[in-house]
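Please open the structure in your viewer and keep the sequence beside it, since this tour moves from one selection to the next. At each stop, make the selection first and then read what is there.

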Amino acid sequence: VPDVQVFKNVEEIFKINEYATISLTKDYYLDCIVKEVKIRDLLRTYSYLYTLSEIVYQSSMEIINEYNPTTYVKELCIVDISYLEKELSRIYGFDEKYTHKLIDRFIFHENKNSDDIFAQPLIKISKTQILLSQSLLERLNLDRVIECQFTRHSVNIAKIGTHYEKEFIDTLSKGYKMSISDLEYKKIPNFEINKNEVKYHSCWMS
């Protein structure tokens, strides 16, 4: 059982994909809750899974012979789903019922035609176990993971238009400041905000 702080220190080394996705994704999507799962928590779950897979991979390298392909199978690790859930709960303080939902979003279910191995790299081999592979997690497409949450659960992403419209109008309505030392905003001269209703339609761009 890894020490929580030690695990988080190791995790920081492998967070490049998560940081890149966060920097390129609008906060609106990251803060969305899809079927009781927050997108930001989904990204944290990916970092947790990838860190575990790297630990397993580095350990397995001691017994893998790169010149002997038959040893490559040792890089695969069979893990109880319940273990992943409990450790995620212990390390991040999530409720165990919530970690069940988080982990399940990354499991490739054999009976769901819509599942995508590049978004769900935990291959289910029984009702209680999955294959944890660093190679599959490394190839996971985080943008695709986020997209799948909205498309599979029929989330109306057109709301982002209304959200940004309100934010934009509120910002313009405040006016402006000449410098950071100004205590009050000044009204923008010769400027009027058109508040006519605008309708937005869902169109996910992958």
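Helices and strands here are runs assigned by DSSP, at least four residues long for a helix and at least two for a strand, and they are numbered from the N terminus. What you see is a predicted model, and its protein chain has 9 helices and 6 strands. Of the 206 residues in that chain, 37% count as buried. Among the contacts in the chain with a separation of 6 or more, 61% are between residues 24 or more positions apart.

**Stop 1: helix H8**

Select residues 142-152, which make up helix H8. Which residues of this helix are buried? They are Leu-142, Val-145, Ile-146, Glu-147, Cys-148, Gln-149 and Phe-150. If you now add residues 16-24, 27-30, 33-34 and 39-60 to the selection, you will have helix H2, helix H3, strand E1 and helix H4, against which the buried residues of H8 pack.

Next, look at the two ends of H8. At the N-terminal end, Asn-141 acts as a cap, with a side-chain oxygen that lies 3.1 Å from the backbone nitrogen of Asp-143. Beyond the helix, select Ser-154, which follows H8 and has a positive phi, near 50 degrees.

**Stop 2: H8 against H4**

Keep H8 in view and show H4 with it. The axes of H4 and H8 come within 11 Å and cross at roughly 140 degrees, and the crossing is right-handed. Why are these two helices described as oblique to each other? Angles over 145 degrees count as roughly antiparallel and those from 65 to 115 as roughly perpendicular, and the crossing of H4 and H8 falls in neither range, so the two helices are oblique.

To see where they meet, select Ile-39, Leu-42, Leu-43 and Tyr-46 in H4 together with Leu-142, Val-145, Ile-146, Gln-149 and Phe-150 in H8. By class, the residues of this contact divide into 8 nonpolar, 1 polar and no charged.

**Stop 3: H4 against H2**

Stay with H4, but show H2 beside it. The axes of H2 and H4 come within 9 Å and cross at roughly 160 degrees. Angles over 145 degrees count as roughly antiparallel, and H2 and H4 are therefore roughly antiparallel to each other. Their crossing is right-handed.

For the contact itself, select Asn-17, Glu-18, Thr-21 and Ile-22 in H2, and with them Arg-40, Leu-43, Arg-44, Tyr-46 and Ser-47 in H4. This contact has 3 nonpolar, 3 polar and 3 charged residues.

**Stop 4: Thr-51 in H4**

Move along H4 to Thr-51, which lies in this helix. Is Thr-51 buried or exposed? Its relative accessibility is 0%, so Thr-51 counts as buried. Leaving out residues up to four places away in sequence, Thr-51 touches Phe-7, Val-10, Glu-11 and Phe-14, and you can add these to the selection.

**Stop 5: the loop between E1 and E2**

Select Lys-35, in the loop between E1 and strand E2 (37-38), and then Glu-36, whose place is in the loop between E1 and E2 as well. Phi of Lys-35 is near 50 degrees, which is a positive value in a residue other than glycine, and phi of Glu-36, also a residue other than glycine, is positive, near 75 degrees. Lys-35 is exposed, with a relative accessible area of 56%, and Glu-36 is exposed with 57%.

**Stop 6: Gln-120**

Go now to Gln-120, in the loop between strand E4 (107-108) and strand E5 (122-124). Because its relative accessibility is 4%, Gln-120 counts as buried. Show its side chain along with that of Arg-152, and you will find the two joined by a polar contact of 2.8 Å. Apart from neighbours within four places in sequence, Gln-120 is in contact with Arg-105, Phe-106, Ile-107, Phe-108, Asp-115 and Arg-152.

**Stop 7: Lys-177**

Finish at Lys-177, found in the segment after helix H9 (159-174). With a relative accessible area of 34%, Lys-177 is partly exposed. Which residues is Lys-177 in contact with, leaving aside its neighbours within four places in sequence? They are Asp-182, Leu-183, Glu-184 and Tyr-185. As a last selection, pick the C-alpha atoms of Lys-177 and Ile-188, which are 11 residues apart along the chain and separated by 9.7 Å.

Note on methods. Residues numbered from 1 in each chain as written. Predicted model: local features only at pLDDT ≥ 70, side-chain atom pairs only at ≥ 80, totals over all residues. Heavy atoms only, no water. Buried < 20%, exposed > 50% of the residue type's maximum accessible area, 1.4 Å probe, protein only. Contact = heavy atoms within 4.5 Å. Polar contact = N/O pair within 3.5 Å; in protein donor to acceptor, adjacent residues only side chain to side chain. Axes fitted to C-alpha atoms, helices over the stretch in contact; angles between N-to-C directions. Parallel < 35°, antiparallel > 145°, perpendicular 65-115°, else oblique. Left-handed = near helix turned anticlockwise from the far one by under 90°. Nonpolar A, V, L, I, M, F, W, Y, C, P; charged D, E, K, R; others polar.
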